[in-house]
Amino acid sequence: MANMDVSLKEMLTIDGAVGAVVADYGSGMALGALGGSKDLDLQVAAAANTEVVRAKLRAIEALQLNETIEDILITLGSQYHLIRPLTGRGGKGLFLYLALDRARANLALARHQLRSIEDRLEI
């Protein structure tokens, strides 16, 4: 099992990683963040992506789907943004957020590595 700091560091080792966050979608607050840039404020990204997660959860409920979110992908011109709600014990209400440089990232591998990091994360 890995703690949050170790998991954030592992997220930044993913090819193309620009920023990594563990956030609470109840409050919109980042519990931990690493990376970012002048163009990517991770605190703002955590709060904004909270709304994305909440909207998708409302849609699943409205459609009466018996499903959970595995991950959410937002594709921008120069970046991928991956959002992965935590499903393990103690992770309820939290999500991983990973921003990737599209030119340097392998999306399939990044999703696989993020899933593996989630599996080892102990909150």
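How many residues apart in helix H2 are Arg54 and Glu51? The first legend takes up this pair. The model shown is predicted.

**View 1. Arg54 and Glu51 form a salt bridge within helix H2.** The two residues sit three apart in the helix, which covers residues 42–62. About one helical turn therefore separates them. Their side chains meet with an N to O distance of 2.9 Å. Arg54 is partly exposed, at 26% relative accessible area. Glu51 is partly exposed too, with a relative accessibility of 41%.

**View 2. Arg115 and Glu70 pair across the sequence.** Their side chains form a salt bridge, 3.4 Å from N to O. Arg115 belongs to helix H3, whereas Glu70 lies in the loop between H2 and strand E3 (72–75). The bridge therefore ties together parts that are 45 residues apart in sequence. Arg115 has a relative accessibility of 29%, which makes this residue partly exposed. Glu70 is also partly exposed, at 41%.

**View 3. Shared partners build a salt-bridge network.** Glu70 and Arg115 appear again here, joined with Asp71, Arg84, Arg111 and Glu118. Salt bridges that share partners link these residues into one network. Across the whole structure, a search finds nine salt bridges.

**View 4. Lys38 and Asp39 meet in a salt bridge.** The N to O distance is 3.4 Å. Are these two residues buried or exposed? Both Lys38 and Asp39 are exposed.

**View 5. The largest nonpolar core holds 18 residues.** Met11, Ile14, Leu82, Leu96, Leu98, Leu100 and Leu114 have the most contacts inside this core. Which helices and strands each supply at least two of its residues? They are helix H1 (4–12), strand E1 (17–24), strand E4 (79–85), strand E5 (94–101) and helix H3 (107–120). E5 gives the largest share, four residues. In soluble globular proteins, nonpolar side chains tend to be buried together.

**View 6. Leu98 and its contacts.** Residues up to four places away in sequence are not counted here. Leu98 touches Met11, Ile14 and Leu114. Its contacts also include Ala17, Gly19 and Ala20. Tyr80, His81 and Leu82 are touched by Leu98 as well.

**View 7. Another core lies apart from the largest one.** How many residues does this other core have? It has 17 residues. Among them are Ala45, Ala46, Ile72 and Tyr97.

Note on methods: Residues are numbered from 1 along each chain as its sequence is written. This is a predicted model: local features need pLDDT of at least 70, side-chain atom pairs count only at pLDDT 80 or more; totals for chains, interfaces and linings use all residues. Side-chain values use heavy atoms; hydrogens and water are left out. A nonpolar core is a set of buried Ala, Val, Leu, Ile, Met, Phe, Trp, Tyr and Cys residues joined through side-chain atoms within 4.5 Å. Buried means under 20% relative accessible area, exposed over 50%, partly exposed in between (1.4 Å probe, protein chains only). Contact means heavy atoms within 4.5 Å. A salt bridge is a side-chain nitrogen of Lys or Arg within 4 Å of a carboxyl oxygen of Asp or Glu.
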